[in-house]
Amino acid sequence: MHADLYTSYIDISKYLPMEDCFKCGFSCKIFAEKLMKREVDINKCPYLSDKQKEYIKMAVNAESILPKIPIYPSTITTKIGFVMVDKNSPILVTANYPYTQAVIGEVLAKANIQCNLLIIDTEGYSVDMAVYLNLFTGDRVKAAILESDLQSQVSQKKLVIPGLAEKFKNEIEEETGWEVLVGPICAIEIPIFLLTEKLINS
Ligand code: SF4
């Protein structure tokens, strides 16, 4: 048995042009569904860049790319704070749980993307459990920002939180004063999400 990495939540229709021009033979929504079933060639949409195609293909192939994460019966804590790779790179907020970080690391490496991580104190729980237990809160994000003196280290006050933590978006913005974007639920969508939001170069 392995942990649920929420691949059933992958929705690549969000990343298609949504022009419904039917040049691919379908509406964008149907084309996205057929892509996930590997029934169509992504090159049939003429509006996607090479990078978009690459990252959408990653999402389509999520099961073979995402690492197999064991279901661990208790908490495991990692260091809390800021892991910086570049002051201009996006900042992903995540849990102080090693397997969550491993999944993100694997996806970013596969996409050859650099991101900073802001690791908050979720008491060693994964993101889904932290959300369930109300641990992904504004005050915990604020504490991580202050403890790592984040503002002095980066070029923009913008955070990306996991899709599962969406209900904390407003609270985090109010507590921290930072802009908060809600990222995808499944980590495999992080590259195409960042590209779509223009947080990384195309
Ligand atoms: S060609 Fe692209 S933009 Fe047009 S309907 Fe198909 S997926 Fe949508």
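Here's a quick briefing on the chain above, from overall fold down to a handful of residues. Keep in mind that this is a predicted model. The chain has eight helices and five strands, and is split into domain 1 (7-65) and domain 2 (81-196). There's also a ligand, with 14 residues surrounding it.

**Overall fold**

- Going along the sequence, the elements come in the order α-α-α-β-β-α-β-α-α-β-α-β-α.
- The radius of gyration is 17 Å, and that agrees with the value near 17 Å for a compact globule, because the chain has 202 residues.
- If you want a box, the C-alpha atoms fill one of roughly 50 × 40 × 30 Å along the principal axes.
- Buried residues make up 39% of the 202 in the chain.
- Take the contacts between residues at least 6 apart in sequence: 66% of them join residues at least 24 apart.

**The two domains**

- Measuring from C-alpha centre to C-alpha centre, domain 1 and domain 2 lie 26 Å apart.
- Where they meet, twelve residues of domain 1 are in contact with ten residues of domain 2.
- On the domain 1 side, the elements giving two or more residues are α2 and α3 (62-65).
- Helix α2 provides the largest share of that side, with six residues.
- By residue type, the domain 1 side splits into nine nonpolar, two polar and one charged.

**The nonpolar core**

- The largest nonpolar core contains 61 residues, and those with the most contacts inside it are I12, A59, V93, L118, I161 and I188.
- Helix α8 (residues 190-196) gives this core its largest share, five residues.
- Both domains take part: the core draws at least three residues from each of domain 1 (7-65) and domain 2 (81-196).
- As background, nonpolar side chains in soluble globular proteins tend to be buried together.
- A59 is worth a click, since it is listed among the core residues with the most contacts.
- Skipping residues up to four places away in sequence, A59 touches I10, I12, I188, E189 and I192.
- Two of those partners, I12 and I188, are also on the list of core residues with the most contacts.

**Around the ligand**

- Which residues are the closest to the ligand? They are P17, C21, C24, C28 and C45.
- The shell as a whole divides into ten nonpolar, one polar and three charged residues.

**I42 and K53**

- I42 sits in the loop between α1 and α2, while K53 is found in helix α2 (residues 50-60).
- Is I42 buried or exposed? It falls in between: I42 has 18 other C-beta atoms within 10 Å, so it counts as partly exposed.
- K53 also counts as partly exposed, because it has 14 C-beta neighbours inside 10 Å.
- Apart from neighbours within four places in sequence, I42 is in contact with L35, L48, K53, I56 and K57.
- With the matching exclusion, K53 is in contact with I42 and L48, and L48 is on the contact list of I42 too.
- For a sense of distance, K53 and L16 are 37 residues apart in sequence and 9.8 Å apart C-alpha to C-alpha.
- I42 and L133, in turn, are separated by 91 residues in sequence and 40 Å in space, again C-alpha to C-alpha.

**Backbone oddities to check: Y6 and D20**

- Y6 has a positive phi, near 65 degrees, in a residue other than glycine.
- D20 also has a positive phi without being glycine, with a value near 50 degrees.
- Y6 is placed in the segment before α1 (28-36), and D20 lies in the segment before α1 as well.
- Their surroundings can be read from the neighbour counts: Y6 counts as buried because it has 20 C-beta neighbours inside 10 Å.
- D20 has 13 other C-beta atoms within 10 Å, so D20 is partly exposed.

Notes
Residues are numbered from 1 along each chain as its sequence is written. This is a predicted model: local features need pLDDT of at least 70, side-chain atom pairs count only at pLDDT 80 or more; totals for chains, interfaces and linings use all residues. A residue is near a molecule or strand if its C-beta atom, placed from the backbone, lies within 6 Å of it. Ala, Val, Leu, Ile, Met, Phe, Trp, Tyr, Cys and Pro count as nonpolar, Asp, Glu, Lys and Arg as charged, and the others, Gly among them, as polar. Helices (H or I, at least four residues) and strands (E, at least two) are DSSP runs, numbered from the N terminus. The radius of gyration is taken over C-alpha atoms; the globule rule is 2.2 Å times the number of residues to the power 0.38. A residue is buried if 20 or more other C-beta atoms lie within 10 Å of its own, exposed if 12 or fewer, and partly exposed in between; C-beta atoms are placed from the backbone. Two residues are in contact if their C-beta atoms, placed from the backbone, lie within 7 Å. A nonpolar core is a set of buried Ala, Val, Leu, Ile, Met, Phe, Trp, Tyr and Cys residues joined through C-beta atoms within 7 Å. Domain bounds come from an automatic or database domain assignment.
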